[in-house]
Protein chains: 2
Amino acid sequence: MSVKHALLGILNEAPKHGYDLKRAFDDKLGDLWVLNVGQIYTTLERLHSEGLVEYDTIEQSDKPDKKVYRITPAGKDIFETWRISPLKVEPRSLRDELYVKIAFMDDTDAESILMLIQSQHSTYMAQMMALTNRKFHIEQESKIALSKANTSEAQHQIEREKVIKMALLDVAIFHAEADIRWLRQCEVRIKELFFRS
Amino acid sequence: MSVKHALLGILNEAPKHGYDLKRAFDDKLGDLWVLNVGQIYTTLERLHSEGLVEYDTIEQSDKPDKKVYRITPAGKDIFETWRISPLKVEPRSLRDELYVKIAFMDDTDAESILMLIQSQHSTYMAQMMALTNRKFHIEQESKIALSKANTSEAQHQIEREKVIKMALLDVAIFHAEADIRWLRQCEVRIKELFFRS
DNA sequence: ACTGTTTTATATACTAGTATATATTGGAGT
DNA sequence: ACTCCAATATATACTAGTATATAAAACAGT
């Protein structure tokens with residue numbers, strides 16, 4: 001999917017090795033997308049075999065070798081094309097184990113479904129708090145960075161980065177909110193169905 | 001993930017062959033999860049090698065053979081355990097190409113990002129309408145089915161199926177709404193950033 | 001009668017993502 | 001000084017999911 005393009009995008013800014021790429025990815029998209037480290041390496045391999053990245057092996061006496069990857073002109077091309085290419089029309093699937101469990105809900109397990117709903121509710125509440133906290137910190141950091149910037153270009157860049165990070169945090173918050181509202185409604189409906197007086 | 005359990009759940013109700021399973025899956029979860037047909041067959045193969053399903057080959061003279069799958073006792077066990085097992089605590093990732101494109105947004109492509117946002121907005125508006133329509137039809141169908149049901153158990157089952165379908169449609173609607181609200185906010189913020197007077 | 005499209009039905013090569021193993025370095029605490 | 005844990009760094013076997021090929025039946029239109 002777009003891990004490929006995200007890695008190209010990161011390497012488009014500067015050469016990096018696997019672990020560094022993971023850190024850069026987390027910094028950009030970590031609030032939305034928990035990326036498995038392994039995928040960095042499998043994706044880099046594929047990118048390399050497609051000729052979109054190259055690497056220099058940095059030999060180290062005791063430790064295993066480090067590979068520093070950089071983007072190729074072909075890679076830059078693919079990335080720039082991807083940036084402005086249209087999105088697919090089918091909206092993304094909502095793949096959640098809870099939804100599947102609810103789909104197979106039965107008279108025998110109403111209680112356990114309600115418990116699952118409650119635990120999911122706590123999970124999303126906690127996530128909401130964490131995300132709101134992150135917004136606050138980014139606001140603070142951005143203010144400090146702005147006060148240190150001297151050119152208006154530097155200021156604009158800080159502003160842009162803030163807008164991007166805030167937007168990505170907001171989308172995570174909006175979806176968490178949607179789940180929370182839905183879970184509450186769901187709980188009421190299921191209780192009505194099974195424990196009607 | 002849970003395609004495996006969903007297929008077990010469907011076979012727990014009645015034996016079916018691949019294509020039938022796909023239809024049953026779509027009926028239960030199609031509004032949330034567009035399942036690739038191929039996955040049915042790869043998943044069935046894995047389930048078979050784990051001894052959770054068995055099949056009878058129905059030989060047909062001209063057409064290729066049909067395999068009718070049924071759940072084994074081991075499969076039933078796995079399914080029943082899964083139903084009530086706790087969910088993982090990490091909330092699901094929001095993997096959307098648009099979010100990644102925004103993460104790499106640059107002064108040079110503000111216009112194209114805005115276009116992508118607008119097209120995504122139309123996509124979600126259309127989906128909202130389709131989902132609302134589906135709710136209406138399910139309400140109608142349920143009323144007709146209820147009027148034909150004679151026992152109170154039959155009525156309860158119809159009620160339960162309606163509650164489940166409505167809940168799953170609602171979660172899709174809530175998330176589409178969240179995206180729509182976010183896209184509008186995002187558009188304003190990006191315009192502010194790039195085209196400030 | 002023929003032509004084309006949709007539905008039925010399965011298979012498979014491929015890409016994407018997860019889980020886990022491995023090994024070293026640098027601190028934090030005791 | 002020693003121990004333990006987090007961070008650094010990569011690799012790989014595995015599971016999940018996508019794209020696409022194949023082929024026949026059923027049905028609609030002309």
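**Stop 1: helix α3 of chain B**

Start by selecting B:I40, B:T43, B:L44 and B:L47: these are the buried residues of α3(B). They sit on the same side of α3(B), because together they cover an arc of only 105° around the axis. Keep in mind as you click around that this is a predicted model.

Now spin to the other side of α3(B) and pick B:G38, B:T42, B:E45 and B:S49, which are exposed. The whole helix runs over residues 37-49 of chain B, 13 residues in total. From first C-alpha to last, α3(B) reaches 19 Å, close to the 18 Å expected at 1.5 Å a residue. Step past the end of the helix to B:G51, which follows α3(B) and has a positive phi, near 75°.

**Stop 2: DNA strand D**

Stay with α3(B) and show DNA strand D. Which element gives the largest share of the surface near this strand? It is α3(B), with five residues. Overall, 23 residues surround DNA strand D, and the closest ones to label are A:G18, A:G38, A:K66, B:G38 and B:Q39. Note B:G38 in that list: you already met this glycine among the exposed residues of α3(B).

To colour the surroundings by element, take α2, α3 (37-49) and β3 (66-71) of chain A plus α1 (3-13) and α3 of chain B; these give two or more residues to the surface near DNA strand D. By residue class, that surface splits into seven nonpolar, eight polar and eight charged.

**Stop 3: DNA strand C**

Swap strand D for DNA strand C. Which residues come nearest here? Of the 23 around DNA strand C, label A:G38, A:Q39, B:G18, B:G38 and B:K66. This time α3(A) gives the most to the surface, with five residues. At least two residues each also come from other elements: the list is α1 and α3 of chain A together with α2 (18-29), α3 and β3 (66-71) of chain B. The class count for the surface near DNA strand C is seven nonpolar, eight polar and eight charged.

**Stop 4: the two chains together**

Superpose chain A on chain B. A turn of 180° with a shift of 0.0 Å along the axis does the job, at an RMSD of 0.0 Å. The two copies are therefore related as by a two-fold rotation axis. The same surface serves both copies, with 100% of the contact residues of chain A recurring in chain B.

Next, select the contact between the chains: 59 residues of chain A meet 59 residues of chain B. On the chain A side, the elements giving two or more residues are α1 (3-13), α2 (18-29), α4 (73-84), α5 (97-103), α6 (110-148) and α7 (152-194). Highlight α7(A) in particular, since you will find the largest share there, 20 residues. Colour this side by class and you get 33 nonpolar, eleven polar and 15 charged residues.

**Stop 5: helix α2 of chain B**

Move to α2(B), which has twelve residues. Its first and last C-alpha atoms are 16 Å apart, close to the 16 Å expected at 1.5 Å a residue. Select B:L21, B:K22, B:F25, B:K28 and B:L29, which are buried. Look down the axis of α2(B): these buried residues fall within an arc of 130°, so they line one face of the helix. On the other side, pick B:Y19 and B:D27, which are exposed.

What covers the buried residues of α2(B)? Show α5 of chain A along with α1, β1 (16-17), α3 and α7 (152-194) of chain B, which are included in the cover.

**Stop 6: two single residues**

From B:F25, draw a distance to B:E141. The pair is 116 residues apart along the chain, with 19 Å between the C-alpha atoms. B:E141 belongs to helix α6 (residues 110-148) of chain B. Buried, exposed or in between: where does B:E141 fall? It is partly exposed, with 14 other C-beta atoms within 10 Å.

Finish in chain A at A:I78, in helix α4. A:I78 counts as partly exposed because it has 19 C-beta neighbours inside 10 Å, while 20 or more would make a residue buried. Leaving out residues up to four places away in sequence, A:I78 touches A:L8 and A:L52. For a last distance, try A:K22: A:I78 is 56 residues from it in sequence and 21 Å from it in space, C-alpha to C-alpha.

Conventions. Residues numbered from 1 in each chain as written. Chains lettered and ligands numbered in written order. Predicted model: local features only at pLDDT ≥ 70, side-chain atom pairs only at ≥ 80, totals over all residues. Helix = DSSP H or I, 4+ residues; strand = E, 2+ residues; numbered from the N terminus. Expected span 1.5 Å × (residues − 1). Buried ≥ 20, exposed ≤ 12 C-beta atoms within 10 Å, placed from the backbone. Arc of directions from axis to C-beta. Contact = placed C-beta atoms within 7 Å. Nonpolar A, V, L, I, M, F, W, Y, C, P; charged D, E, K, R; others polar. Near = placed C-beta within 6 Å. Least-squares fit on C-alpha atoms with pLDDT ≥ 70 in both.
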